[in-house]
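Thanks for coming, everyone. I'll put the structure up first, and then we'll walk through it together.

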Amino acid sequence: QVQLIESGGGLVQAGGSLRLSCAASGLTFSSYSMAWFRQAPGKERDIIARINWSGGSPYYADSVKGRFTISRNSAKNTVYLQMNSLKPEDTAVYYCAAAKRQRAEYDYWGQGTQVTVSS
C-alpha cells in the first residue's frame with residue numbers, strides 16, 4: 001500500500017519560513033518524480049514544484065520561484081519543500097504527489113497539510 005504523508009505545515013507570519021516534508025512508503029522511491037501542489041480556498045489545485053526521479057531538473061511555478069526549494073532524500077524516501085519569504089497568498093493546503101519517472105500524470109497523492117501565512 002502506497003502512502004505519502006505530509007508534515008510541517010502550520011501558521012507563520014509573512015516573511016517567515018516553513019519546511020514541508022513528504023514521507024513515501026510502499027513504492028520504489030527512486031523511480032518516481034515527486035511534486036508539490038497547493039490549493040487555496042475556491043481555487044484549483046496547482047503544481048508549484050517538481051523534482052525528477054534522479055533528483056535533477058527541478059521545476060518551479062513562477063509564483064514561488066526564488067523563494068521555495070524542492071529537494072529529495074532517497075535514503076529517507078522523503079521529499080521536502082523549503083518555503084522562505086512566505087506571503088499571505090501562499091496560504092493553502094499543500095499536497096505532495098508521485099509520478100512514475102517522466103510521466104505527467106500523478107499516481108499517488110498525500111492527504112495534504114495546511115499552511116497559513118498571516119499578514
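**A walk through the chain**

So, of the 119 residues in the protein chain, 44% count as buried. By buried I mean under 20% relative accessible area, with exposed being over 50% and partly exposed in between, using a 1.4 Å probe and protein chains only. Before going on: this is a predicted model, so local features need pLDDT of at least 70, side-chain atom pairs count only at pLDDT 80 or more, and totals for chains, interfaces and linings use all residues. Residues are numbered from 1 along each chain as its sequence is written, and side-chain values use heavy atoms, with hydrogens and water left out.

Okay, the overall picture. How many helices and strands are there in the protein chain? Zero helices and eleven strands, so the pattern along the sequence is just β-β-β-β-β-β-β-β-β-β-β. Those are DSSP runs numbered from the N terminus, where helices are H or I with at least four residues and strands are E with at least two.

In terms of dimensions, the C-alpha atoms fill a box of roughly 40 × 25 × 25 Å along the principal axes. The radius of gyration is 13 Å, which agrees with the value near 14 Å for a compact globule of 119 residues. That radius is taken over C-alpha atoms, and the globule rule is 2.2 Å times the number of residues to the power 0.38.

On to contacts, meaning heavy atoms within 4.5 Å. If you take those between residues at least 6 apart in sequence, 55% join residues at least 24 apart. As for the surface, the chain exposes about 6,100 Å², and carbon and sulfur atoms supply 46% of that. The areas come from the Shrake-Rupley method with a 1.4 Å probe, and for residues only the protein chains shown count as cover.

Now let's zoom in, starting with Arg67. Where does Arg67 sit? In the loop between β6 and β7, the latter being residues 68-73. Buried or exposed? Arg67 counts as buried because its relative accessibility is 10%. Its side chain makes a polar contact of 2.8 Å with the side chain of Asp90. A polar contact here is a pair of N or O atoms within 3.5 Å; within protein, one must be able to donate a hydrogen and the other to accept it, and residues adjacent in sequence count only if both atoms are side-chain atoms. Not counting residues up to four places away in sequence, Arg67 also touches a run that includes Gln82, Met83, Asn84, Ser85 and Leu86.

Keep that run in mind, and look at Ser17, in the loop between β2 (10-13) and β3 (18-25). Leaving aside neighbours within four places, Ser17 is in contact with Val12, Gln82, Met83, Asn84, Ser85 and Leu86. With Asn84 there's a side-chain to side-chain polar contact of 2.9 Å. Ser17 is partly exposed, at 39% relative accessibility. And although Ser17 and Arg67 are 50 residues apart along the chain, their C-alpha atoms are separated by 9.5 Å.

Next, Thr78, in strand β8, residues 78-83. Thr78 has a relative accessible area of 8%, so we call it buried. Its side chain reaches the backbone oxygen of Lys76 at 2.8 Å. Beyond its sequence neighbours within four places, Thr78 contacts residues including Ser21, Cys22, Ala23 and Phe29.

Ser21 comes up again with Ser7, which lies in strand β1, residues 3-7. Outside four places in sequence, Ser7 is in contact with Arg19, Leu20 and Ser21. Ser7 and Leu20 are 13 residues apart in sequence and 5.7 Å apart in space, C-alpha to C-alpha.

Gly10, over in strand β2, touches Leu18, Gln114, Val115 and Thr116, again skipping residues up to four places away. Gly10 is partly exposed at 25% relative accessible area.

Last thing, backbone angles. Most residues other than glycine have a negative phi. Which way does Ser57 go, positive or negative? Positive, with phi near 50 degrees. Ser57 is in the loop between β5 (46-51) and β6 (59-60), and is exposed, with a relative accessible area of 60%. Arg101 also has a positive phi, about 45 degrees. Arg101 is found in the loop between β9 (92-100) and β10 (108-109) and is partly exposed, at 36%.

That's my tour; over to you.
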